[in-house]
Amino acid sequence: MNLQLMWESAPRLLGGTALTVQLVLLSLLLGFVLAIAIALMRLSGIRTLSSFASAYVFVFRGTPLLVQIFLIYFGLAQFEAVRESIAWIVLREPFWAAIIALTLNTGAYTSEIFRGGIQAVPYGEIEAAKACGMSRLMSYRRIILPLALRQALPAYGNEMILMVKASSLASTITLLEITGIARSIIARTYSPVEVFIVAGVIYLAINFAITLFVQRMEHRLTPYLHRA
Amino acid sequence: MELLSFGDQGWGDEMFRAAFTTLLLSVSAMLLGLLIGTLGAAAKLANSLALRAVGGTYTTIVRGIPELLIIYLLFFGGSGAAMSVARVFGYTGYIELNAFAIGTLAIGFISGAYSTEVLRGAFLAVPRGQIEAAKACGMSGLLLFRRIMFPQVARYALPGIGNVWQLTLKDTALISVTGLVEIMRQANVAAGSTRSPFIFFLAAAVIYLALTTASNQGFHRAENWAGRGVRRPAAGTT
């Protein structure tokens, strides 16, 4: 065990944390909005919308994230039309290609989590909202979505951790986030164990922080369960 | 489209063979994962504090660290570890582990952590009274395992094992970074030499989708088969 190497690689690996966090936060944020839209489409009762939503979820959950990243980053560049369009400014950047792939991926998984949450809202609450004269939009905004999101929080916490792990795939399209930097140090020094330990500790720390955050959120959102 | 045809002109047969490698790798990793998972679940349910700590550390680390990082550890470190073991026995030459073996080890190690949790849950789902009843009938440990525990744990674990299989199948795509010619690697090579990345990565996506869908159906049938003797509330009563 080379402690010197571990000590030296720590600052470089920590430097990659900023990119990892950026990738995760941005794609979680965009994926959250996408997931709500997809879940609502799925439950809309309008056939075209709900079958589009199920097809999307089916494809993105049934294929590896790596294929999705490669299709977006390498695949789309095959077409002349894409390379000459305005979208190319975004698509040629590995960072944005990774963000798009991660967003579409988490959007599919998260929409299923939210769908479960929305379906778990007791029917009596929806009836009560109707009886109070709330419109469909208002009952979603005031009653259904808040209850659904609270219900979905523990599962969503797991999805956040999966996204931290998924962001490591951005290293396959040249991005130097934690795993990308770890790979380059390993390839140069051939000391996989030392680098793995340091990078692993950083990832575990991030995921531990997420777990604590989600637990505190859950505690705050369910005051009726632990009134003193 | 002719890029995907079979024979000398197209890449169809190469892709087909790569799909077979993916399937073989997934199955061998899954089996290794189930073996590790059984040991892991036994460790996590053991009375010994040390064993529980080992099981807990294993699942926490593997489930909290990116798969890619674990693959790099074994890809770059696997040969070194094998060589230092060999040195103890007096062999000082260079050993290179085959890419398929590294892939099986890495994915099996990851899959095992998820299997551990599934099997642990399934084990706890068997009512304690049944175990006591079996003991009261005078069954030995082995007989109790074979007749009472195993059939029930297998049934309770089946849906969870189906999920782990899907994860394992999709995780094998990451093994392409080690150069093993499975679906992703083959698609990459074909994309590079024909300059048609979209077609080949799309073909790869379609193959994965076919594999996950087909195995999903298989697990569905297996669940129905395993649950055929279980009493369920009649349709419409709940």
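These legends accompany several close-up views of a predicted model with chains A and B.

**View 1. Chains A and B are built from helices, without strands.**
Let us start with the two chains on their own. Chain B has 8 helices and 0 strands, and its elements read α-α-α-α-α-α-α-α from the N terminus on. Chain A holds 10 helices and 0 strands; read from the N terminus, its elements are α-α-α-α-α-α-α-α-α-α. Along the principal axes, the C-alpha trace of chain B spans about 70 × 60 × 30 Å. For chain A, the C-alpha atoms fill a box of roughly 70 × 60 × 25 Å, again taken along the principal axes.

**View 2. Chain B meets chain A over a buried area of about 3,000 Å².**
Here is the place where the two chains touch. On the chain B side, 35 residues are in contact with 36 residues of chain A. The size of an interface is often given as the accessible area lost when the parts come together. For this pair of chains that area is about 3,000 Å², and carbon and sulfur atoms give 80% of it. Three residues to look for are Leu69(B), Phe76(B) and Phe198(B): together they supply 22% of the area that chain B buries against chain A, more than any other three residues.

**View 3. A salt bridge and several polar contacts cross the interface of chain B and chain A.**
How many salt bridges cross between chain B and chain A? The rule finds 1. In a salt bridge between the chains, the side chain of Glu67(B) meets that of Lys165(A), at 3.4 Å from N to O. Polar contacts between chain B and chain A number 8 residue pairs, counting pairs with both residues at pLDDT 80 or more. On chain B, the side that touches chain A draws at least two residues from each of helix 2 (49–64), helix 3 (67–88), helix 7 (183–194) and helix 8 (197–226). Helix 8 of chain B gives the most to this side, with 10 residues. By class, the residues on the side of chain B that touches chain A are 23 nonpolar, 8 polar and 4 charged.

**View 4. A salt bridge within chain A joins Arg42(A) to Glu112(A).**
Over all chains, a search of the whole structure finds 8 salt bridges. One of them pairs Arg42(A) with Glu112(A), whose closest N and O atoms are 2.9 Å apart. Arg42(A) sits in helix 1 (residues 3–42) of chain A and Glu112(A) in helix 6 (residues 94–119) of chain A, so this pair ties together parts that are 70 residues apart in sequence.

**View 5. The second largest pocket is lined by helices of chain B, among other possible parts of the model.**
The space in the second largest pocket comes to about 640 Å³. Its lining counts 21 residues, and those closest to the pocket centre are Thr38(B), Leu119(B), Phe123(B), Phe145(B) and Val153(B). Which helices of chain B each supply at least two residues of this lining? They are helix 1 (12–44), helix 4, helix 5 (128–136) and helix 6. Helix 6 of chain B gives the most, with 8 residues. The lining of the second largest pocket divides by class into 19 nonpolar, 1 polar and 1 charged residues.

**View 6. The largest cavity has a volume of about 30 Å³.**
Our last stop is an enclosed space. The structure holds 1 cavity of 30 Å³ or more. Lining the largest cavity are Ile107(B), Ile110(B), Ser111(B), Tyr114(B), Val164(B), Leu167(B), Thr168(B) and Asp171(B). The elements giving two or more residues to this lining are helix 4 (99–125) and helix 6 (141–171) of chain B. Sorted by class, the lining of the largest cavity has 5 nonpolar, 2 polar and 1 charged residues.

Notes: Residues are numbered from 1 along each chain as its sequence is written. Chains are lettered from A and ligands numbered from 1 in the order in which they are written. Side-chain values use heavy atoms; hydrogens and water are left out. On a 1 Å grid over the protein atoms alone, a cavity is a set of points where a 1.4 Å probe fits but cannot get out, and a pocket is an open set with protein on both sides within 12 Å along at least five of seven lines; lining residues have an atom within 4 Å of a point. Grid points are joined across faces, edges and corners, and a volume is the space filled by probe spheres set on the points. Helices (H or I, at least four residues) and strands (E, at least two) are DSSP runs, numbered from the N terminus. Ala, Val, Leu, Ile, Met, Phe, Trp, Tyr, Cys and Pro count as nonpolar, Asp, Glu, Lys and Arg as charged, and the others, Gly among them, as polar. Contact means heavy atoms within 4.5 Å. Buried area is the accessible area (1.4 Å probe) that two parts lose on being put together, summed over both. A salt bridge is a side-chain nitrogen of Lys or Arg within 4 Å of a carboxyl oxygen of Asp or Glu. A polar contact is a pair of N or O atoms within 3.5 Å; within protein, one must be able to donate a hydrogen and the other to accept it, and residues adjacent in sequence count only if both atoms are side-chain atoms.
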